[in-house]
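Reader: I've got a model open on my screen and a pile of questions about it. Can we go through them one at a time?

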Amino acid sequence: MTILVLAEHDNQQLKADTAKIVNAAVAIGGDIHVFVVGENCAAVADQAKQLAGVKKVRVADASVYGAQLAENVAKLITDISADYSHILAAASSVGKSALPRVAALADVAQISEVVAVVDADTFTHPIYAGNALETVKSLDAIKVLTVRPSAFDAVSNDGNAEVESLTQVFEARTTFVSQTLTESARPELGNAGIIVSGGRGMGSGENFVMLEQLADKLGAAVGASRAAVDAGFVPNDLQVGQTGKIVAPDLYLAVGISGAIQHLAGMKDSKVIVAINKDPEAPIFQVADYGLEADLFEAIPSLNSLI
Amino acid sequence: MKVLVPVKRVVDANVKVRVKADNTNVDTTNLKMALNPFCEIAVEEAVRLKEAGIATEIVVVSVGTKAVHEQLRTAMALGADRAIHIDSDDELVPLSIAKILHAVQLKEQADIVLLGKQSIDGDNNQTGQMLAALADLPQATFASQLNVDGTNLTVTREIDGGLQTLTMPLPAIVTADLRLNEPRYASLPNIMKAKRKPLESISLADLGVTLKSHQQIVKVTAPQERQAGIMVASVEELVEKLKNEAKVI
């Protein structure tokens, strides 16, 4: 069995998610290859070869892969898919876009957001916004899986895999125009040990500054509920939930968030959940380890001064 | 131009499902069913394209038992022109749905196939991408804005770090994110009108699609319940607990 793991990166930096997906591959068992697809991404390949348990890093470095467009990345992966029993990617925007195309081209089903490996053919993933866990046995020759990074620990960085270059070039009809990324000095949501999240109760985007100050003190990332995003308080890439980011930090602090099913889907695997809400009936209190019924505009400043 | 919108009947988003006692599946009997929220956004976008004079016909399609007629009528009440029901009793994986939709697209030759980015039951987020692969068409997933300019489509997508804009030639496959639009409500006159709009039922055999089995469900279990914790009386107590009891700060 040989397993291909699609590296998650921005052409310069290998993202921490990749080390977690490699660990899912370790749980399946077999040789592990990491595939780096991008443009001027030699530094990423260098980082990928240090991941413990990785036997080979394959690199496709070409300008057509710079934006990691699903269309040609999927063709490229399909081109080498015969070498593999399993193809894995993070359940990220790149992985979720490209991998179903790979699966369809290989005429196999995909299992999305895998959170546990039972054996080489059998995997568990959440359905219905995390309200049920489905374990499925794949009958396909190639197992195509997107893996939920928060469900696996990262492998260490003491490996030394061989690096191989691939030269296949597939064009895409899709053209990259531009992107605007949210600049932040705080940790990424997916990798943060602590997350401070605000909801509709924050009232305005300006009020999020309070949470940002608290987050900076804690070394935390800032998240948000859908209500806060829809109201324009914060950009949508901060959304935690069924359709936003799925996170599992050590501490999740939910401020002014009621706790709808769709939000809980994104954070209920956090180790410790704290809820600050003035509504004692808010569903968030049913999952919170520590609840504080209080006006957030009083609680957050005093929390800020105490930490 | 023609827009094809695949829609799915799912358990209403506000209903919390329970797992069956024998762990074979979730129990969906007697639950309120609805149009998948992301499909609703896809329908709304198609209707807006028609109102903008870009789309000329909106065709909605759904795969399932006769019960999906209800959701197809809803989509037509929102503004779709006609509906296709592909009759199937089986629980199908996204690849099988994509194969069926590909066959429909071969017949319909739509310029844009607009889907929701995921259904809130399976949470798979696969069908649009798989259809794009089978049809060998460009795709724009997780769209939060789309503009049609002649035979080109420009789409802004929600990606992990922010937003990304792509442009591609039509025909293309687009999957809708939450922020693409705010779906309208169907008015009573439109609900009445939708009853007279054409709805065609096609069997899988007539469509000429053969499907294969890809996976079997081993078990469906409830996630570990999180117990409610304790309520603290003050911010001081909260900080004390987080420092000394939970030891997370």
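Author: Sure, and one term before we start: a salt bridge here is a side-chain nitrogen of Lys or Arg within 4 Å of a carboxyl oxygen of Asp or Glu. Also keep in mind that this is a predicted model.

Reader: With that in hand, which residue of chain B forms a salt bridge with A:K75?

Author: The closest N and O atoms of this pair are 3.4 Å apart, and the cut-off is 4 Å. The pair crosses between chains, starting from A:K75 in helix α3 (residues 70-80) of chain A and ending in the loop between α4 (127-135) and β9 (139-149) of chain B. The partner in that loop is B:D136.

Reader: Is B:D136 buried, partly exposed or exposed?

Author: Buried would need under 20% relative accessible area and exposed would need over 50%. B:D136 comes in at 37%, so B:D136 counts as partly exposed.

Reader: What about the backbone there: what is phi of B:D136?

Author: B:D136 lies in the loop between α4 and β9 of chain B. Its phi is positive although B:D136 is not a glycine. The value is about 50°.

Reader: Which other residue of chain B, not a glycine, has a positive phi?

Author: Look in the loop between α3 and β8 (112-116) of chain B. The residue there has phi near 50°, and its relative accessible area of 53% is over the 50% line, so it is exposed. That residue is B:Q109.

Reader: Back to salt bridges. How many turn up over all chains?

Author: The search covers the whole structure rather than one chain. One of the pairs is A:D46 with A:K49, where the closest N and O atoms are 3.8 Å apart. Both partners are partly exposed, because A:D46 has 42% and A:K49 has 24% relative accessibility. Over all chains, the total is 32.

Reader: How far apart in sequence are the parts tied together by A:D250 and A:K271?

Author: The closest N and O atoms of A:D250 and A:K271 are 3.1 Å apart, and the two form a salt bridge. A:D250 lies in the loop between α6 (226-230) and β14 (251-255) of chain A, while A:K271 lies in the loop between α7 (261-267) and β15 (272-277), so the pair ties together parts of the chain. Their separation in sequence is 21 residues.

Reader: Which of that pair is exposed, A:D250 or A:K271?

Author: Exposed means over 50% relative accessible area. A:D250 is at 33%, so it is partly exposed. The other partner has 58%, and the exposed one is therefore A:K271.

Reader: Which residues are linked with A:K56 in a network of salt bridges?

Author: This one is a network of linked side chains in chain A. Besides A:K56, its members are A:R58, A:D83 and A:E164.

Reader: How far apart in space are A:E206 and A:I194?

Author: A:E206 sits in the loop between β12 (194-198) and α5 (208-218) of chain A. It counts as exposed, because its relative accessibility is 61%. A:E206 and A:I194 are 12 residues apart in sequence, and their C-alpha to C-alpha distance is 22 Å.

Reader: Now chain B. Is B:H102 buried or exposed?

Author: B:H102 lies in helix α3 (residues 94-108) of chain B. Leaving out residues up to four places away in sequence, it touches B:L131, B:L134 and B:A135. Its relative accessible area is 19%, which is under the 20% cut-off, so B:H102 is buried.

Reader: Which residues make the nonpolar surface patch of about 280 Å²?

Author: One member, B:I191, lies in helix α5 (residues 188-194) of chain B. Patch members need over 30% relative accessible area, and B:I191 qualifies on that count because it has 35%. The patch is made by B:L188, B:I191 and B:M192.

Reader: Where is B:P171, which a cis peptide bond joins to B:L170?

Author: Omega of that bond is about 0°. B:P171 itself is found in the loop between β11 (162-169) and β12 (172-176) of chain B.

Reader: Last one: what share of the residues in chain B is buried?

Author: Chain B has seven helices and 15 strands, and its C-alpha atoms fill a box of roughly 65 × 45 × 40 Å along the principal axes. Its accessible surface comes to about 11000 Å². Of the 249 residues in chain B, the buried share is 53%.

Technical notes
Residues numbered from 1 in each chain as written. Chains lettered and ligands numbered in written order. Predicted model: local features only at pLDDT ≥ 70, side-chain atom pairs only at ≥ 80, totals over all residues. Heavy atoms only, no water. Patch = residues over 30% accessible without salt bridge, like charges linked within 9 Å, V, L, I, M, F, W, Y side chains within 5 Å. Areas by Shrake-Rupley, 256 points an atom, 1.4 Å probe, with all protein chains shown as cover. Helix = DSSP H or I, 4+ residues; strand = E, 2+ residues; numbered from the N terminus. Buried < 20%, exposed > 50% of the residue type's maximum accessible area, 1.4 Å probe, protein only. Contact = heavy atoms within 4.5 Å.
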